[in-house]
Amino acid sequence: MNRDKYPKGSKGMIQCLVKEHKSLLDEKLGVNLSWISPIEENQFKEYQLNGDFISTKIGLPPNAFDNFWPSRQPQWDGLAMDDEHTLYLIEAKSHLSEIKSGNYKPNNTNKKKDANYNLKKNALINIKRYYAPDADDKLWLHHYYQITNRLAFLRKMKELSSVAKYKDAKLIFLNFENDSSWETENKSVPKDGWKNKYKRILQELRISKGQLQNEGVLIIDIDGSKF
């Protein structure tokens, strides 16, 4: 792989995967993925699920996310469909600190921001109740926000499958080991680094691998040195 052709970090790794090494992920999944994004034809653009392009592509109604999430949604590192019309939502990482705290906290000075926060809070509390009702709210609402909001969106997309062009939805946490773009900063993740990271995260969130598998959530590591 000519790593210099692509952006630094997970953005570049997934672009290279889609363009040059598509079979690596297909083989791990046992399917043939047709990528919606990021693809070279669209300048490797990443999308929210409620934008016009994606809504049309996967057949979502205009009000699909009303009362679920604010209009500004997370952008997905990758979106793809297999031959059975299963939609894949993909969140990619290539160094450990990319999993960081997030989510705005209300301060009662901005009503719009507070209303948006409450929408997100409700979605995250609901998904916490679904997976781990006794877990710490702070871990789900803030500390592991980048993980938990993806779980909430997967659940929502499964619900919307009855009115969309896809039949089911799955979520992939796609983790790249040995990303050479981080070597000078000593951030490249060695073998089993992601395995150990996610083991700790799931323990803290009180989620089992069995729960994830039943919901169509996959944690997949890909060795970037094989590129």
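The exercises below treat a pocket, an aromatic cluster, two buried charged residues and some backbone angles in a predicted model.

Residues are numbered from 1 along each chain as its sequence is written, and side-chain values use heavy atoms, without hydrogens or water. As the model is predicted, local features need pLDDT of at least 70 and side-chain atom pairs count only at pLDDT 80 or more, while totals for chains, interfaces and linings use all residues.

**Exercise 1. Describe the largest pocket: its volume, its lining and the elements that contribute.**

Step 1. A pocket is an open set of points on a 1 Å grid over the protein atoms alone, where a 1.4 Å probe fits, with protein on both sides within 12 Å along at least five of seven lines; lining residues have an atom within 4 Å of a point. Grid points are joined across faces, edges and corners, and the volume is the space filled by probe spheres set on the points. For the largest pocket this space is about 730 Å³.

Step 2. The lining has 29 residues, and R72, Q73, P74, K120 and Y145 lie nearest the centre. Two or more lining residues come from each of β3 (86-93), α4 (111-131) and α6 (145-160). Helices (H or I, at least four residues) and strands (E, at least two) are DSSP runs, numbered from the N terminus. With five residues, α4 gives the most.

Step 3. Sort the lining by type, with Ala, Val, Leu, Ile, Met, Phe, Trp, Tyr, Cys and Pro as nonpolar, Asp, Glu, Lys and Arg as charged, and the others, Gly among them, as polar. The result is seven nonpolar, eleven polar and eleven charged residues.

**Exercise 2. Classify the ring pair of W76 and F153, and state which parts of the chain the pair ties together.**

Step 1. Rings of Phe, Tyr and Trp (its six-membered ring) pair if their centres lie within 6.5 Å; planes under 30 degrees apart are stacked, over 60 edge-to-face and the rest tilted. The rule gives eleven aromatic pairs.

Step 2. The ring centres of W76 and F153 are 6.3 Å apart and the planes stand at 75°, so this pair is edge-to-face.

Step 3. Because W76 lies in the loop between α3 (52-58) and β2 (78-81) and F153 in helix α6, the pair ties together parts 77 residues apart in sequence.

Step 4. Ring pairs also link W76 and F153 with F65, F68 and W69 in a cluster.

**Exercise 3. Decide whether K156 and E91 are buried or exposed, and list their contacts.**

Step 1. Buried means under 20% relative accessible area, exposed over 50%, and partly exposed in between (1.4 Å probe, protein chains only). K156, in helix α6, has 16% and counts as buried. E91, in strand β3, is also buried, at 5%.

Step 2. Contact means heavy atoms within 4.5 Å. Leaving out residues up to four places away in sequence, K156 touches A64, F65 and F68. With neighbours within four places set aside, E91 is in contact with D77, R150, I172, F173 and L174.

**Exercise 4. Where does the backbone have a cis peptide bond, and what is the phi of N67?**

Step 1. Most residues other than glycine have a negative phi, and most peptide bonds are trans.

Step 2. The bond joining S37 and P38 is cis, with omega about 0°.

Step 3. N67, not a glycine, has a positive phi of about 65°. N67 lies in the loop between α3 and β2 and is exposed, at 76% relative accessibility.
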